[in-house]
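Work through the exercises below with the sequence and the coordinates at hand. Each task is followed by a solution in steps.

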Amino acid sequence: LRGRECLQMADLVLYDGLANPQLLEHTRATTERTARVGGPGSRHLDQSEINQRLIAAAKEGKTVVRLKGGDPFIFGRGSEEAVAL
């Protein structure tokens, strides 16, 4: 329920390919997929680009949600993003 509240308050949601896309139904925010692995028709972003996007949006005063599939602190680079922020 807390996650849904965060999505409802967000101005920007950056989500990865493992996040369930149905969760995006709970937001009216701008959504951007952060693809770490390039696939057909997708743009590969390295971690520093993702970090900079998070920082830039926060500096603009936006409420940013980082939506990831699974535990972001085991495989999802959550600690790197937290340090950057």
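The expected span of a helix is 1.5 Å times one less than its number of residues. The model used here is a predicted one.

**Exercise 1.** Check whether the length of helix H2 agrees or disagrees with the expected span.

Solution. Helix H2 comprises residues 47-59. Its 13 residues, at 1.5 Å a residue, should span 18 Å. The C-alpha atoms at its ends are 18 Å apart, so the two values agree.

**Exercise 2.** Determine which residues of H2 are buried, and how they are placed around the axis.

Solution. Take as buried any residue under 20% relative accessible area. In H2 this gives Gln 47, Ile 50, Asn 51, Leu 54, Ile 55 and Ala 57. They cover an arc of only 165° around the axis, and therefore lie on the same side of H2. The cover over these buried residues includes E1, E3 and helix H3 (78-84). On the face turned away from the buried side are the exposed residues Gln 52 and Lys 59. After H2 comes Gly 61, with a positive phi near 85°.

**Exercise 3.** Give the strand order of the sheet and place H2 relative to the strands.

Solution. The sheet is open and has three strands in the order E2-E1-E3, paired in parallel. Strand E2 (30-33) and strand E3 (64-67) are the edge strands, each pairing on one side only. From one strand to the next the twist averages 20°. Four bridges join strand E1 (residues 12-15) to E3 in the parallel sense. Among the facing residues, Leu 12 has Val 64 of E3 as its bridge partner, and Tyr 15 stands opposite Leu 67. H2 lies across E1, E2 and E3, and runs at about 155° to E3.

**Exercise 4.** Sort the residues of E3 into a covered and an uncovered face.

Solution. In a regular strand, side chains alternate between the two faces of the sheet. The covered face of E3 has Val 65 and Leu 67, while Val 64 and Arg 66 are on the uncovered one.

**Exercise 5.** Is Asp 16 buried or exposed, and which backbone nitrogens lie 3.0 Å from a polar atom of its side chain?

Solution. Asp 16 sits in the loop between E1 and E2. Its relative accessible area is 11%, so Asp 16 is buried. A polar atom of the Asp 16 side chain lies 3.0 Å from the backbone nitrogen of Leu 18; for the backbone nitrogen of Ala 19, the distance to a polar atom of that side chain is 3.0 Å. Leaving out residues up to four places away in sequence, Asp 16 touches Arg 33, Thr 34, Arg 66, Leu 67, Lys 68 and Gly 69.

Technical notes. Residues numbered from 1 in each chain as written. Predicted model: local features only at pLDDT ≥ 70, side-chain atom pairs only at ≥ 80, totals over all residues. Heavy atoms only, no water. Pairing = 2+ DSSP bridges. Helix = DSSP H or I, 4+ residues; strand = E, 2+ residues; numbered from the N terminus. Axes fitted to C-alpha atoms, helices over the stretch in contact; angles between N-to-C directions. Contact = heavy atoms within 4.5 Å. Buried < 20%, exposed > 50% of the residue type's maximum accessible area, 1.4 Å probe, protein only. Arc of directions from axis to C-beta. Polar contact = N/O pair within 3.5 Å; in protein donor to acceptor, adjacent residues only side chain to side chain.
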